[in-house]
Amino acid sequence: MSGFGAPHLHLRSIDSTNERARELAEAGAPSGTIVTAEEQTAGRGRVGRGWSAPPGKALLFSAILGPLEPRHALLPLAVPVAVCEAIESVAEHECRIKWPNDVWIDERKAAGVLIEARPPNWAVIGIGVNVAIAPDEFPADVRWPAASIGPEVELAELREALCGALSEWVQATDTTVLEGYRGRDALADRPISWEGSGGGEGVGAGIDERGNLLVERADGELVSLGSGEVALRLAQP
Ligand code: BTN
């Protein structure tokens, strides 16, 4: 593929850009197609949660990638690294990744990633970036404290930066992706507890070659957690 950003469908209001991108992918839209919207009425988040943002104040972005190949196995890690790079190229922030793929600035969630796929045909890479949402505009029930990257950032500039970064990172080798992710791992050396998969607590010890989270228990045992299996909690620094 040559990159993300064309064709580009921009909508004033849609239920979910991921849903529209899925429909387009099923109908044969080419890899690289993106869908953006001013507003979503039924934005989707990970593990069945929703995702909402006031109109025009967040980048609501979905991109089609296809066909999927074995080299895309680490896509869920490559995408948040691309989001970090894109944000850092348009705003004065340092981004980190809270496993599996939340993007944090200053310990607050600024962007989320939802990848939906029908292998081997296509994946829809859904990304929501909080740009100009004021602290009192975030829903009261957000799971992690949320933040915006700043009202001075133009959505179009961020979108273009994201298309560029994604185009590079979806083609990166596993070694490069793992290195990029590990350099931004917000959970490394942090006390963590989790529910699901037996539950437990320990200290973040990085990710393995497949992108599972490693946690070291007090007794020294290394536990590997898959993203679909667990809900994390972490102690504030
Ligand atoms: C999460 O952190 O739970 C993932 C949030 C992903 C939200 C984006 S907004 C654009 C795209 N369309 C959706 O319905 N969801 C993703």
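**Backbone geometry and ligand surroundings in a predicted model**

Glu-107 is partly exposed, with a relative accessible area of 30%. The structure described here is a predicted model, and Glu-107 is one of the residues in it with noteworthy backbone geometry: although not a glycine, Glu-107 has a positive phi of about 70 degrees. Most residues other than glycine have a negative phi, and most peptide bonds are trans. Glu-107 is located in the loop between strand 5 and strand 6.

A positive phi, of about 65 degrees, is also found at Asp-189, which is not a glycine either. This residue belongs to the loop between helix 4 (174-182) and strand 8 (191-195). With a relative accessibility of 66%, Asp-189 counts as exposed, since the cut-off for that class is over 50% relative accessible area.

Cis peptide bonds were examined next. One of them joins Trp-99 and Pro-100, with an omega of about 5 degrees. Pro-100 is placed in the loop between strand 4 (95-98) and strand 5 (102-105). Another cis peptide bond, for which omega is likewise about 5 degrees, links Pro-119 to Pro-120. Pro-120 occurs in the loop that lies between strand 6 and strand 7.

The ligand occupies the largest pocket. Two or more residues of the shell around the ligand are contributed by each of helix 1 (17-26), strand 3 (58-65), strand 6 (108-118) and strand 7 (122-130). Among these elements, strand 6 gives the most to the shell, namely 4 residues. In terms of residue class, the shell comprises 6 nonpolar, 10 polar and 4 charged residues. Of the 20 residues around the ligand, those that come nearest are Ser-16, Gln-40, Arg-44, Arg-46 and Lys-109.

Individual atom pairs between protein and ligand involve both backbone and side-chain atoms. An oxygen atom of the ligand lies 2.7 Å from a backbone N or O atom of Arg-44. In the case of Gln-40, an N or O atom of the side chain is 2.9 Å from a nitrogen atom of the ligand. At Asn-18, a polar backbone atom is 3.4 Å from a nitrogen atom of the ligand. On its own, the ligand has 410 Å² of accessible area, of which the protein covers 98%.

Note on methods:
Residues numbered from 1 in each chain as written. Predicted model: local features only at pLDDT ≥ 70, side-chain atom pairs only at ≥ 80, totals over all residues. Heavy atoms only, no water. Near = heavy atom within 4 Å. Polar contact = N/O pair within 3.5 Å; in protein donor to acceptor, adjacent residues only side chain to side chain. Areas by Shrake-Rupley, 256 points an atom, 1.4 Å probe, with all protein chains shown as cover. 1 Å grid on protein atoms, 1.4 Å probe; cavity = no way out; pocket = protein on both sides within 12 Å on 5 of 7 lines; lining within 4 Å. Sits in = over half its atoms within 2 Å of the grid points. Nonpolar A, V, L, I, M, F, W, Y, C, P; charged D, E, K, R; others polar. Buried < 20%, exposed > 50% of the residue type's maximum accessible area, 1.4 Å probe, protein only.
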